[in-house]
Amino acid sequence: MQDSLKSSSYQQLEQKSKYTNMFLRWFLYFILILFASYFIFPLYVMVVTSLKTMEEIRQGTLLSWPSGLNLESWAVAWGGRGYGAGDTFLRPYFWNSIKMVVPAVFFSTFIGAMTGYVLTKWRFKGDQWVFLFLLFGCFIPFQAILLPMARTLGVLGISNSVVGLVLVHTVYGIPFTTLFFRNYYISVPTELVKAARIDGAGFFKIFFKILLPISAPIIVVTVIWQFTQIWNDFLFGSTFSFGEAAPIQVALNNMVLSSTSVKEYNVDMASAIIAGIPTLIVYVLAGKYFIRGLTSGAVKG
Amino acid sequence: MKTLKIEELSKNFGSTEVLKKINLEIDEGNFLVLLGPSGCGKSTLLNIIAGLETINEGDVFIDDYNVSKVEPKDRNIAMVFQSYALYPSMNVRENMIFGLKQAKTSKEKIQEQLEKVSKFLQVDQLLERKPSQLSGGQRQRVAIGRALVREPRIFLFDEPLSNLDAKLRVEMRREIKKLHQQLKTTVVYVTHDQTEAMSLGTNIAIMNHGLIQQNDTPEKIYNKPSNTFVADFIGSPSMNLIKGILKENSGDLLFTVSGSNLEIPIKDYDFKDKSNLNNKEVYYGIRPEHIFFKKFNESDFEINLRADLSEYIGHEQIMTFDYANQEVLAKFPSTIKIDLGKQTKLYFDLTQASLFDAQTEERI
């Protein structure tokens, strides 16, 4: 009698917790979908608008579907309309940005790796001060170095050029890249360096043959960070370059803000997406390597 | 000619003196163990021998040649590290021949050395593997192999077994011993494990606070420790050090503790200096394994002490006795039954006793 009573009450409890669980699960999905749509919504509007004609934009709503795959605004954003003066389009500036970002990322990453290597494996007197001052560089706001940098570029004769921007971004990137590499190399046993020294390897050989081959994960992190920073930078680009030498973010700004006639929303949207695509590509490609680097366990000695 | 000679070596990091005027010599083919608690300077000394640390004062000679300012790679040494320090990006083969390649050795010679050593250490099946795919013991073997291929004058080992689990450690210890017996290369080996030191070394240098406390054969270290630090450091449980004074009584010498009528005769003790022994404050040192529960030798001295504590550890038990309010430990087979709190007859093996000056803590 008692037993059956007990078992029935257990069944009730079981039933109850099942409902509670189900409710919580659906609630969770609801919240997740809500947040996901919140983030996807702007992208949706951008893509849809870029595929519409101006006629459609004027007549439809923000959310309405385009009538078809209308890529004309993309072509205009990338290559212009083909008439002379006053026609701004992204293609030359896109290549400016590529020419700026590739060497700047390469040099800042390489120099950061070297500095991190020295600061952890070839310790010298006062090295923690050097590191401290380098760290300080991470906290200096962009605006603070505009004037001194402009003067420096002027003296070097590379103001308003891609080379100048490469220099600015490399220098400004070194504190961050050094921080990344130092923190990575500090976990690499110094005994590796000692063993290599006994084996007869010198400063550069140890760096290139022993440390760099195990640095893949941190190189990927640094490259993602630097690429995003430099590609998306507007302030340095607009301050130290103008006209032909400007990077894509400056050109995008000029295109969107300084059009004299009717606002072409479809072209603006296409341009903004084009300007954002490279960072997306880097994330997708390098992110995969990043996870691979983390899971391979190659670092453990 | 000494294979390795260290003269008046001093080293400090900033204001901390790590090594204070160290003198050390090793003959060809010997196995020297540097033993001491952590922070005693033993690893620094090894790094200095390797050339990985600079010297503040003094010199290091290898085969009578002053190598104090010679690069590590040119000192004709090889080193095995605690973390093995295998290059993670290279496979076993590349790891082992990296040093030879740096030294621009001919391809044929490299191949010959690699085959010889990898067969010898039984790692010839592992040559294509990465260090991350090896077990702890295999990594250790490869690390030793990397040292062996260079055919060095001196092997340096920096706590090579302390990353291994207990069972593997005993195995690898035997292998290192065998290796030394076969190759007869001079070895300097750093450890903080006294069993390792005792079983491997032909010589042990015990270090503390940057000084060599005693440099002797394992037997001498164990039987005739030169000061209370060595006496206390070696042996488990360590040597009993009973504080008391020496009394001269009609030509016979006795050890007594003030306020107690217990007396131990000192007979046939090899004093360094026989003068001024009367009323001298000393430590009477006797190892727990030299206190017996029945008379084994004719000369064993009978004494009655109260049993206070028994620690059972399987094959033996460690008993604590009260000697005039000082603890005395003894090691007995676990089959012996001794009642706690009662006076027990014990027998001291007087031939194994050590005496230390209570002030200087040096052996007298």
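Helices here are DSSP runs of H or I with at least four residues, and strands are runs of E with at least two, numbered from the N terminus. By that count, chain B has eight helices and 20 strands. Please keep in mind that this is a predicted model.

**View 1. Chain B as a whole.** Let us start with the overall frame before zooming in. The C-alpha trace of chain B spans about 80 × 45 × 35 Å along its principal axes. Of its 364 residues, 36% count as buried. Among the contacts in chain B with a separation of 6 or more, 65% come from residues 24 or more positions apart.

**View 2. Helix α5 of chain B and its two faces.** This helix covers residues 166-183. Its 18 residues, at 1.5 Å each, should span 26 Å, and the end C-alpha atoms are indeed 26 Å apart, so expectation and model agree. Which residues of α5(B) are buried? They are B:M172, B:I176 and B:H180. These residues take up an arc of only 80° around the axis, and therefore sit on the same side of α5(B). Their cover includes β3 (31-35), α4 (136-148), β8 (186-191) and α6 (194-200) of chain B. On the face turned away from the buried side you will find the exposed residues B:K167, B:R174, B:K178, B:Q181 and B:Q182. Just after the helix, B:K184 adopts a positive phi of about 55°.

**View 3. Strand β9 of chain B between two partners.** Strand β9 runs from 203 to 208 and is mostly covered, with five of its six residues buried. Its pairing with β3(B) is parallel and uses four bridges; here B:L32 has B:N203 as its bridge partner. With β10(B), residues 211-216, the pairing is antiparallel and uses five bridges. In that pair, B:A205 stands opposite B:N215. The hairpin of β9(B) and β10(B) has two residues between the strands, and B:H209 takes a positive phi near 50° there.

**View 4. A five-stranded open sheet in chain B.** The strands follow the order β15-β19-β16-β17-β18, with antiparallel pairing. Why do β15 (291-292) and β18 (326-333) each have one side without a neighbour in the sheet? Both stand at the edges with a single partner strand, so one side of each is left free of a neighbour. Moving inward from β18(B), eight antiparallel bridges join this strand to β17(B), residues 316-323. A good pair to pick out is B:M319, which stands opposite B:A330 in β18(B).

**View 5. Where chain B meets chain A.** In this contact region, 21 residues of chain B touch 18 residues of chain A. On the chain B side, β6 (77-80) and α2 (92-102) each supply at least two residues. By class, that side has 15 nonpolar, five polar and one charged residues.

**View 6. The two domains of chain A.** Chain A is divided into domain 1 (2-79) and domain 2 (91-296). Their C-alpha centres lie 36 Å apart, and 13 residues of domain 1 are in contact with 11 residues of domain 2. On the domain 1 side, α1 (2-50), α2 (54-59) and α3 (72-79) of chain A each supply at least two residues. Which helix gives the most to this side? That is α3(A), with six residues. The domain 1 side divides into eight nonpolar, four polar and one charged residues.

How values were computed. Residues numbered from 1 in each chain as written. Chains lettered and ligands numbered in written order. Predicted model: local features only at pLDDT ≥ 70, side-chain atom pairs only at ≥ 80, totals over all residues. Contact = placed C-beta atoms within 7 Å. Nonpolar A, V, L, I, M, F, W, Y, C, P; charged D, E, K, R; others polar. Domains from an automatic or database assignment. Pairing = 2+ DSSP bridges. Expected span 1.5 Å × (residues − 1). Buried ≥ 20, exposed ≤ 12 C-beta atoms within 10 Å, placed from the backbone. Arc of directions from axis to C-beta.
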